[in-house]
Amino acid sequence: MKRTSILIALSLYTSLNFAQKIKGSDTVLPLSQKEAEMYMKANKMNKITVTGGGSGVGLAALVDNTTDIAMSSRKIKMDEKMKLQDAGRAYKEVTIAYDALSVIVNNDNKVSQLTREQLEGIFTGKVKNWKEIGGDDLQIVVYSRESSSGTYEFFKEHVMNKKNYASSVLSMPATGAIVQSVSQTKGAIGYIGLAYMEKSVKALKVSYDAGKTFVAPSMATAKDKTYPVIRPLYYYYLNTVEKTVKPFIDYVLSAEGQKTVEQVGYVPLK
Amino acid sequence: MPNKLINLNTTKMKLKNYYLLTFTFTMLSLCLSTLTVKAQAPEETPIDTLARAVNKMADDISFLKKIKFSGYIQSQFQVADSMGAKSFAGGDFPATVDKRFKVRRAEFKTMYDNGKVQVVANINVSQDGVTIKDAYGKWSEQRLKMFSLTAGIFNRPFGFENSYSSGSLESPERARMIQVLLPGERDCGAMLTFQMPNNSALHPLKIEAGVFNGTGNAANDFDYYKDFIGNIHWTSTNKSEKIKYALGVSFYDGGVRQGTSKVYSMKADSNGINTFVMNKDTATSGYGAIAKRQYYGIDGQVSFDFPFGITTLRAEYIAGTQPGTSSSSSSPSALPTGDTYIRKFNGAYFYFVQNIFQTKHQIVVKYDWYDANTDVKENNVGLTKFAYASGTLTKTTGTADLKYTTLGLGYIYKVDNNLKFTLYYDMVTNEKSTFLTSSGYWKDVKDNVLTIRAQYKF
């Protein structure tokens with residue numbers, strides 16, 4: 001009886017010690033889930049739970065110390081850094097992969113390429129009809145992620161030059177919802193990570209040199225960095241849990257982990 | 001037996017059998033139908049039971065998440081330069097005390113927030129008593145998501161340090177000028193706030209405008225005049241999220257009922273030296289008139305994410321007109337009963353806060369001044385001989401008209417989100433005048449204070 005109690009207590013202790021929580025970006029979510037699955041297969045004592053909610057949610061959980069790893073598709077903000085500092089919490093940032101942000105339209109849309117300036121015009125509400133940019137006479141229906149999303153922030157900063165989204169932009173809670181909406185609405189436009197790309201939508205070629213060259217998003221153009229809308233994906237963790245999370249993070253950064261990155265549809269570090 | 005009798009008995013038997021059969025059949029049908037109903041009712045699976053329980057728990061959690069309890073307790077030990085030191089570092093020291101333990105603040109806040117309405121109650125418990133800090137409701141309109149209305153007892157919307165939480169302040173106390181002009185930080189009134197939604201280019205802009213009693217959080221109103229307080233603030237970060245900056249301007253337009261008919265303001269004599277001169281006696285008209293209380297403020301904050309740690313610089317400057325008494329320039333929390341003394345004042349503070357890399361260590365340097373009466377300086381304070389026209393009623397300036405500067409040096413150790421330790425030394429320098437010998441202000445009074453504080457936060 002005593003031996004059984006000790007064994008139960010030991011197993012509970014070890015499972016708690018090898019348990020990790022990963023929370024945050026919906027963009028990084030499918031990658032983290034796959035990495036966790038592969039890691040737990042090879043390390044049966046480990047238990048990793050992965051939940052989404054957005055980059056902002058993950059970083060807020062890091063501040064509150066309710067997650068071990070915050071996954072984020074944007075850099076940590078100044079306010080978040082100050083909150084961590086106020087709590088006396090030192091943190092580390094690790095880049096685990098890259099993501100090509102694809103701008104998608106409905107398959108029936110005849111527009112196949114846009115410049116950054118045109119994209120800025122669409123998402124800020126200056127350009128309201130497809131005919132203004134070489135398409136059909138059709139109102140543009142713009143879809144975006146919610147403001148807690150790192151993808152939302154990245155798109156605003158790098159494609160819209162930090163200008164604000166138009167108030168008419170429709171906010172969707174998840175990437176999957178954007179794919180579905182764009183596939184069902186002829187005049188729709190949205191943005192998603194390359195890993196979420198489906199045949200039900202069309203990815204546009206993008207130009208960052210005022211129309212001289214247009215590049216389509218793909219693993220190849222993301223790897224050779226010819227596609228201009230590439231962003232790093234991050235894991236953030238507190239120094240106090242480094243011992244617990246480092247083995248998993250090292251796995252993600254290893255050759256095997258980076259192979260999984262490519263398989264899931266993201267761009268490996270090398 | 002006659003045939004008719006036999007037939008009657010047979011009929012009776014048949015009827016009896018018929019009724020018995022009918023009754024039996026009816027009862028049987030009833031029993032069968034119950035069984036059928038039971039057989040048709042779907043059996044709840046364990047999954048259904050679990051789903052129902054989880055849904056109920058989710059509803060309960062959703063409600064509970066709207067209620068938040070928070071607070072902090074600040075326990076400290078202080079050493080003053082001298083017995084009975086008058087201090088703005090947590091209150092004056094009693095006459096026979098130069099060291100003390102004190103619970104400086106113990107605030108307990110309850111908030112209900114459903115995204116549209118916020119209800120807050122916050123009390124402070126300390127050796128100085130139990131006081132209401134906040135008791136307000138805030139309604140945010142959902143159509144434009146730009147406006148909100150707050151009513152009750154809450155922070156005056158003036159400047160930066162007044163509204164900044166005492167639990168987050170790096171120095172143990174607010175600057176002297178804030179404690180004098182805006183005691184208790186809160187007031188009772190109503191305020192409209194304008195701020196564009198998150199996705200607007202103007203979201204960094206916040207405008208607050210409110211009307212208040214002017215008496216602070218602890219007192220009921222004692223005059224008919226209501227004070228207007230407003231501020232415009234802009235807060236933003238740079239593109240790389242390495243710099244956060246903010247700038248604000250504030251305005252306070254209020255008044256205090258005069259305690260008597262006599263009002264004194266500073267006026268220069270023929271030699272250009274100022275003292276209080278009675279500029280009106282409202283006994284014949286306008287008795288109980290309102291003496292102007294007007295402040296103009298500007299504040300700025302900037303934080304840099306340097307490789308050696310986050311650096312924060314803050315500054316705030318306030319100037320204006322403050323009605324007071326002969327012995328004090330503090331904003332009153334009770335109906336004044338003495339003559340009114342109008343003073344022009346100014347004050348400012350400057351903060352330098354440096355986090356040491358990403359460690360738990362932080363250092364703070366703070367400099368502030370408060371000049372209660374900018375019309376009189378040093379050896380002119382307390383002067384009694386002047387060259388005014390004969391019959392001019394004058395009053396002497398005194399200790400309430402001195403300028404104070406405070407240099408504070410502090411070290412903070414942040415154990416975690418719930419506990420921090422502060423070691424802080426206030427070096428106070430007062431303006432000196434040879435005419436203030438009796439009160440001791442002919443030299444710098446010994447009123448420096450060392451504070452060692454533990455703050456427990458939840």
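**Group meeting: chains A and B**

Okay, let me start out in chain B, with one pair: Tyr425(B) has Leu450(B), in strand 19 of chain B, as its bridge partner. Before I go on, keep in mind that this is a predicted model.

So where does that pair fit? Strand 18 of chain B and strand 19 of chain B, the latter covering residues 449-457, run antiparallel and are joined by eight bridges. Strand 18 of chain B, residues 419-430, also pairs with strand 17 of chain B, residues 403-416, again in the antiparallel sense, this time over 12 bridges. What links strand 17 of chain B to strand 18 of chain B? A hairpin does, and it passes through two residues. If you want a spot to click on there, try Lys414(B), which stands opposite Lys420(B) of strand 18 of chain B.

Now let's stay with one residue for a minute. Ile412(B) sits in strand 17 of chain B. Is Ile412(B) buried or exposed? It counts as buried, because it has 21 C-beta neighbours inside 10 Å, and the cut-off for buried is 20 or more. Who is around it? Setting aside neighbours within four places in sequence, Ile412(B) contacts Lys420(B) and Thr422(B), and also Glu170(B), Gln362(B) and Val364(B). Take Thr422(B): along the chain it is 10 residues from Ile412(B), yet their C-alpha atoms are separated by 4.5 Å. And a general reminder while we're looking at strands: in a regular one, side chains alternate between the two faces of the sheet.

Stepping back to chain B as a whole, we have three helices and 19 strands. Of its 458 residues, 30% are buried. If you take the contacts in chain B between residues at least 6 apart in sequence, 61% of them join residues at least 24 apart.

One of those helices deserves a quick look. Helix 2 of chain B takes in residues 46-64, and its end C-alpha atoms are 27 Å apart; that agrees with expectation, because 19 residues at 1.5 Å a residue should span 27 Å. How many of its residues are buried? Zero out of the 19, so to speak: helix 2 of chain B is hardly covered.

On to chain A. Here the count is 10 helices and 11 strands, and 43% of the 270 residues are buried. Its C-alpha atoms fill a box of roughly 80 × 40 × 30 Å along the principal axes. For contacts between residues at least 6 apart in sequence, 72% join residues at least 24 apart in chain A.

Chain A is divided in two: domain 1 is 2-98 + 233-264, and domain 2 is 99-223. Centre to centre, over C-alpha atoms, domain 1 of chain A and domain 2 of chain A are separated by 30 Å. Where they touch, 16 residues of domain 1 of chain A meet 14 residues of domain 2 of chain A. Which element of domain 1 of chain A gives the most to that side? Helix 3 of chain A, with three residues. By class, this side of domain 1 of chain A has six nonpolar, seven polar and three charged residues.

Last stop, the contact between the chains. Chain A puts in 16 residues and chain B puts in 20 residues. On the chain A side, helix 4 of chain A, residues 78-86, gives the most, with five residues. Sorted by class, that side of chain A has five nonpolar, five polar and six charged residues.

Conventions: Residues numbered from 1 in each chain as written. Chains lettered and ligands numbered in written order. Predicted model: local features only at pLDDT ≥ 70, side-chain atom pairs only at ≥ 80, totals over all residues. Contact = placed C-beta atoms within 7 Å. Helix = DSSP H or I, 4+ residues; strand = E, 2+ residues; numbered from the N terminus. Nonpolar A, V, L, I, M, F, W, Y, C, P; charged D, E, K, R; others polar. Domains from an automatic or database assignment. Pairing = 2+ DSSP bridges. Buried ≥ 20, exposed ≤ 12 C-beta atoms within 10 Å, placed from the backbone. Expected span 1.5 Å × (residues − 1).
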